Amino acid sequence: MLPIELKAMGVSMTKWVSRSLVLISLLAASNFGSFSQRQPDMAKPGSVSAGKDYVSIKLGPGVWHIEDTVHETYRNSMYLIEGSDKAALIDTGMGSGDLSGYVKTLTSRPVIVLITHGHGDHTGQANQFSTIYISPKDTGSRLPFDASKAIPLAGGQKIDLGGKSLDVIEMPGHTPGSVGFLDAKDRMIFTGDAIGSSYVWNHITGSLPLIEFLGAVRKLEKRIGEFDAVYGGHFWQSGYKPLPASYVTDMRKATEGVFSGDIVAKPYSMGGSGWAANYGSATVIYNAMNLYEPGKPNKTEYTLTEAAPGVIRIRDYFGYNCAYLIKGKSKAAVIDTGMGEGNLRAIVEKHAGELPLELILTHGHIDHSISANQFETVYMNRKDDERLPKNVNPSSFKDIRAGDIFDLGGITLKAHDLPGHTAGSTVFVSPELRLLFSGDAVGTQSNQGGLWLQLPGSLYVDEYQAVLKTFIAKTQGQFDSIFTGHNAGPVGPKYLDYMVLAAQKVIDQGEAALVPAIRPAGIKMVSYGEANDPFAASINVNPNHLLSGRE
């Protein structure tokens, strides 16, 4: 947390806000639409009241939307709900100036503050008010008020304003303590960022596993008969129009589609790396490595993401075992199966349509082949038969040889031998897609033990380097990106050069080049490149099987 000095109305005020939240929120604004699309009159819902630092719209009798104006391209929403005894201000934005004074121009009632969640763009001027409610689950981060004096919020509470009340509904996901407030009398619900304002961020640091968010949305959906309008924490993102109650259903279907494999999510880079799954009016953005509660994965589920045009990445419950579906004009190919225990073929068929399917295995290890017998046509270099898991019968497998070409119709995959990790490791180059599908043959791009040559049957490091050099020479300029068996995204071809250099360190220095491996513990490795280098390479080795002729 960093102090940011904000000056408004001649008063210097120090607010603690999350620097990263400010930045990523601004980026998100540019990613999903321009703020210039705002309606200039903003008066259709009701009358407008403008101040130097805030502007408000009357949404109905005793209900206002308030927006701070500190940012040119990004605004934060607050809502004022007035009862006969008091008024509630839902969230306090991230603006500057006298928010308390501005609110007094709208209501003469005593004002309490209800915080939907603890992020800095929703708590900014809360310290101007004496009565603040917030979920204790969101008070771990530094807030601009004394959280120990705040009144705790919990699901099931009713906030009585006199003549109307607000029901507190827990909506964990975006943050652990996210809550919404249901105004049943006016049939409105105010949700902060819990379900977004057309898209919800569940990929950022501090978000709960996506399965917990899904549970919250399912519970909320059971109450959609109690409201007609959803007002989120960034009203501009929905075009200054309330979202319909059906938005909650769309959000549930978008999230369920992630787990069922029905939806192919697209890459999303704002606020950190994530994936955007859309259904109807709703988009959920999630972290593929934060799907389940720790130790409680559903081993039968797969998530699908767009890897490249015409290529779908399929991940099993581990999150980092990758299979790929490539669709041509006449047939479709699946490269590897991951290690999930569900009906992979049924998932693939949803997206391959009527195209005939072929399964192509890069090698025989369990995390790439366990579901192979679900497919009628399977190709693999038969040198890896002994590496297959016991449940996979290779008797009907078709052998792969170097130079074999799989023609999918407009897209081809050419097989290249690249032994080392296993004797039968095979990689596939698509000149049309300009992609290399490598399985584990060149490891996982990382400086923490990415290529495993410590296993029984692996080549010596110098032998592997020779094989890799030959492959690089043969395929020079044929691909722009590498899709490995475990990286979340593409890797550049320069990674292969780093791998050659990592091997060279062992050839030049022997065991002196080795350091303890991070993955798995107790193994030695060699690396080339720093941790943040996008081409960093590393090789796990067996010191007793290091270089040919030197045992």
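**Close-ups of rings and cores**

Going by ring-centre distance, this predicted model has 18 aromatic pairs.

**View 1. Phe190 and Tyr231, a stacked pair.** With ring centres 5.6 Å apart and planes at 20 degrees, these two count as stacked, because the cut-off for stacking is under 30 degrees. Phe190 sits in strand E14 (residues 188–192) and Tyr231 in strand E16 (residues 229–232), so the contact ties together parts 41 residues apart in sequence. Phe190 is buried at 0% relative accessibility, and Tyr231 is buried too, at 6%.

**View 2. Tyr379 and Phe406, edge-to-face.** Here the planes meet at 85 degrees and the ring centres are 4.8 Å apart. Tyr379 belongs to strand E26 (residues 378–380) and Phe406 to strand E28 (residues 405–407), which puts the partners 27 residues apart. Both Tyr379 and Phe406 are buried.

**View 3. An aromatic cluster around the stacked pair.** Phe190 and Tyr231 turn up again here, joined by Tyr79, Phe235 and Tyr240 in one cluster.

**View 4. Arg313 over a ring.** Arg313 lies over the face of Phe483, 5.2 Å from the ring centre.

**View 5. The largest nonpolar core, 35 residues.** Val284 and Tyr286 have the most contacts inside this core. Helices H3 (210–221) and H4 (246–260) and strands E19 (274–279) and E20 (282–286) each chip in at least two residues, with H4 giving the most, six. Val284 touches plenty of residues, among them Leu210, Phe213, Met251, Val258 and Trp275.

**View 6. A second, separate core.** This one has 33 residues, including Leu468, Leu496, Tyr498 and Ile539.

Definitions and conventions. Residues are numbered from 1 along each chain as its sequence is written. This is a predicted model: local features need pLDDT of at least 70, side-chain atom pairs count only at pLDDT 80 or more; totals for chains, interfaces and linings use all residues. Side-chain values use heavy atoms; hydrogens and water are left out. A nonpolar core is a set of buried Ala, Val, Leu, Ile, Met, Phe, Trp, Tyr and Cys residues joined through side-chain atoms within 4.5 Å. Buried means under 20% relative accessible area, exposed over 50%, partly exposed in between (1.4 Å probe, protein chains only). Helices (H or I, at least four residues) and strands (E, at least two) are DSSP runs, numbered from the N terminus. Contact means heavy atoms within 4.5 Å. Rings of Phe, Tyr and Trp (its six-membered ring) pair if their centres lie within 6.5 Å; planes under 30 degrees apart count as stacked, over 60 as edge-to-face and the rest as tilted. A charge sits over a ring if NZ of Lys or CZ of Arg is within 6 Å of the ring centre and within 35 degrees of the ring normal. Lists of a residue's contacts leave out its neighbours within four places in sequence.
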